[in-house]
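Biologist: I should like to learn how to read the features of a protein model. May we go through them one at a time?

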Amino acid sequence: MTYDYHEPETVAEALDLMARHGEDAHLVAGATAFTLLWRQGLLRPGHVIGLRRIVGLGGITATDKELVIGATATHREIERSADVARHCPALTRTFASVATVRIRNQATLGGNLAHADPAQDPPPMLMALGAEVVAASAAGERTIALDDLFVDVFTTSLRSDEVLTAIRVPALAPGTHATYLKFLPQTADDYATVSVAATMRFTDDGEVADVRVALGACGPTPVRARSVEDALAGAVPDAARIADAAARVDADIAPFDDVRGSAGYKRDMARVWTERALLSLVEGRA
Amino acid sequence: MRADRRLIDALRDDLGCIGTKEGCSIGVCGACSVLVDGKLLSACLMPAVFVSGRAVTTVEGLARGDELSPLQDAFIREGGFQCGICTPGQLIAATALLAERRRPSDDEIREWMMGNLCRCTGYHGITRAIKAAMA
Amino acid sequence: MKLSHTALVRAPRSRVWKLVTDVPAAARCVPGVAAVTPSGTGKYKGSLLVQLGPVRLVLDGDVALTATDEAAGKASVRADAKDSRLGGTVRATMDLALVDKGEDTELRITSDVRIAGRIGEFGQPVIQRKADQLMTQFAECLARTLA
């Protein structure tokens, strides 16, 4: 059994093919996840639509207002982009820490987001940076905040007639610190047991002016830790306050047992690694 | 070619280039490492149709005639392999590393080669060989 | 894989009993079930679509009511289904117990699910989550139907 492979050269052509083949079509960019699911026999589409030849979906551009990453930009292109490094070094480090260089050379950011595996690295960091995705359909374009993109394991709020075309990351307010930490008890290229992304900005008086925290591998989707954020907003982030805020992550996550840790262990580790991430931002502001 | 053929299938079964090995089949072990237009990739994850019109380098392409590449020579001199099953992937990954960074540090070598597993655990020999090839 | 689910249905036990032992009617409350048709006494054929992101399972098979004891409020259901496109089988035995809770009824479902073939590639955490979602929606639908 095989499928027909299509390589449209424009988004309009891709949308056309999707309309023609409906549920029998599957989109791929780098095709890493697809190849695995196909080999496992979990996907049997009649038509596969490859997006990699669509020129407008690639590349990375930066303006004063935002960083725009094309959906078919590979993890490695993003890791090596000077624009990304200028925008946010923690974003560069996040991409550099994904799996191995082989995977980063093939897997794309658009594919990563559309695949919606809750243990992936870029989603929590992009959530903490307030990113949004652009989705195109025959009806036009719309943007979806990353906070609203992930619905369930492997499930996004993208409609079946939409193509994810780009990821937009707004410019960070001056003085914003960012970090991405992941707990890897087994190997460096593994998926994390838990991962934590955080951004923080301080007032001149040393209070928290702005904070965003997001976690991966702690439930069916990557998730914002709003209880942690609320506990820190306006506070002087001393060690006790951070420990208290980090403990509140329990209310924001819904982990389930997987091969990288039981739900209970993930809850413990989410608290520990949230505290570490927040402390590193406070200690790093000097 | 069938659309669902992977690069590893095309190399080994269709072209008879059996130097590239298939290990885990899920992009983790590195045995099937190849270069596509100089980029290091897992041939087990790459649809063969994706390399149409691009240059694929496998372990068979590292030597020039009878002359081994400096890395191949160093792997032999430094004992960079034991059973040998992971060696084609190790050589290809190391070739990509030295093409990108002329003089990687020990940490950079370890980080780059982290994705190529050696079940004989001959990692010291592999690292030694890469450093010898840089000299 | 053993799963257990409990749900409170805001209706008296006799009405809940009538609905859950009417297989075609109860099946209408399972999201993704296509027409269930009788194939013998207490036996039915049916089809269940389970979607997980891009992965679609179409489970075709037989459902049988294997035991009923209205006085005790207990029933057993056996389901055998396969997905012919992806390749894989699901075999489930479900023990249902209805317990009076004042004017309401607690529905307890204990399932033993055996999964073979490709469907098993999902891994237990994902399958368990999906089963939890189905059961929650099933119980909510029963409650709505009886309201």
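Modeller: Let us begin with charged side chains. Over all chains, the structure holds 44 salt bridges. Please keep in mind throughout that this is a predicted model.

Biologist: What qualifies as a salt bridge?

Modeller: The term is used when a side-chain nitrogen of Lys or Arg lies within 4 Å of a carboxyl oxygen of Asp or Glu. In chain B, the side chains of B:Asp4 and B:Arg2 meet in this way, with 2.9 Å from N to O. A second case is the salt bridge of B:Asp9 and B:Arg6, at 2.8 Å from N to O.

Biologist: Are B:Asp9 and B:Arg6 buried or exposed?

Modeller: A residue is called buried under 20% relative accessible area and exposed over 50%, with partly exposed in between. B:Asp9 has 12% relative accessibility and therefore counts as buried. B:Arg6, at 4%, is buried as well. The pair of B:Asp4 and B:Arg2 is mixed: B:Asp4 is buried, with a relative accessible area of 14%, whereas B:Arg2, at 43%, counts as partly exposed.

Biologist: Which residue forms a salt bridge with C:Arg78?

Modeller: The partner is C:Asp80, and the closest N and O atoms of the two are 3.1 Å apart. C:Arg78 has 35% relative accessibility, so it counts as partly exposed. C:Asp80 is also partly exposed, at 21%. Elsewhere, salt bridges that share partners build one network from A:Arg76, A:Glu79, A:Arg80, A:Arg104, B:Glu100, B:Arg101 and B:Glu108.

Biologist: Let us turn to aromatic rings. How is a pair of them described?

Modeller: One states the distance of the centres and the angle of the planes. This structure holds six aromatic pairs over all chains. In one of them, A:Tyr3 and A:Trp38 have ring centres 4.8 Å apart and planes at 90°, so the pair is edge-to-face. The two residues belong to distant parts of the chain, 35 residues apart: A:Tyr3 is in the segment before strand 1 (4–6) of chain A, and A:Trp38 is in helix 2 (residues 32–40) of chain A.

Biologist: What else surrounds this pair?

Modeller: Both A:Tyr3 and A:Trp38 are buried. Together with A:Phe34 they form one aromatic cluster. In addition, A:Arg44 lies over the face of A:Trp38, at 4.0 Å from the ring centre.

Biologist: Where does the charged end of A:Arg52 sit?

Modeller: The charged end of A:Arg52 sits over the ring of B:Phe50, 4.3 Å from the centre of that ring. Here the arginine belongs to chain A and the phenylalanine to chain B.

Biologist: Which residues form a nonpolar patch on the surface?

Modeller: The patch consists of B:Ile26, B:Val28, B:Leu117 and B:Tyr123, with about 320 Å² of accessible area together. B:Tyr123 is placed in helix 5 (residues 123–134) of chain B. With 36% relative accessibility, B:Tyr123 counts as partly exposed.

Biologist: I should also like to understand the backbone. Which residue of chain B has a positive phi although it is not a glycine?

Modeller: B:Thr121 does, with a phi of about 55°. B:Thr121 is found in the loop between helix 4 (106–113) and helix 5 of chain B. Its relative accessible area is 57%, so B:Thr121 is exposed. Chain A offers a further case: A:Ala31 is not a glycine, yet has a positive phi of about 70°. A:Ala31 lies in the loop between strand 2 (25–28) and helix 2 of chain A, but at 7% relative accessibility it counts as buried.

Biologist: How many helices and strands are there in chain A?

Modeller: Chain A has 12 helices and 14 strands. Its C-alpha atoms fill a box of roughly 60 × 45 × 35 Å along the principal axes. For 286 residues, a compact globule would have a radius of gyration near 19 Å, and the 19 Å of chain A agrees with this. Of the 286 residues in chain A, 57% are buried.

Biologist: Is A:Val228 buried or exposed?

Modeller: A:Val228 is buried, as its relative accessible area is 0%. The residue is in helix 10 (residues 226–232) of chain A. A:Val228 and A:Asp252 are 24 residues apart along the chain, and their C-alpha atoms are separated by 8.3 Å.

Methods. Residues numbered from 1 in each chain as written. Chains lettered and ligands numbered in written order. Predicted model: local features only at pLDDT ≥ 70, side-chain atom pairs only at ≥ 80, totals over all residues. Heavy atoms only, no water. Phe/Tyr/Trp six-rings, centres within 6.5 Å; stacked < 30°, edge-to-face > 60°. Helix = DSSP H or I, 4+ residues; strand = E, 2+ residues; numbered from the N terminus. Buried < 20%, exposed > 50% of the residue type's maximum accessible area, 1.4 Å probe, protein only. Lys NZ or Arg CZ within 6 Å of the ring centre and 35° of its normal. Patch = residues over 30% accessible without salt bridge, like charges linked within 9 Å, V, L, I, M, F, W, Y side chains within 5 Å. Areas by Shrake-Rupley, 256 points an atom, 1.4 Å probe, with all protein chains shown as cover. Rg over C-alpha atoms; globule rule 2.2 N^0.38 Å.
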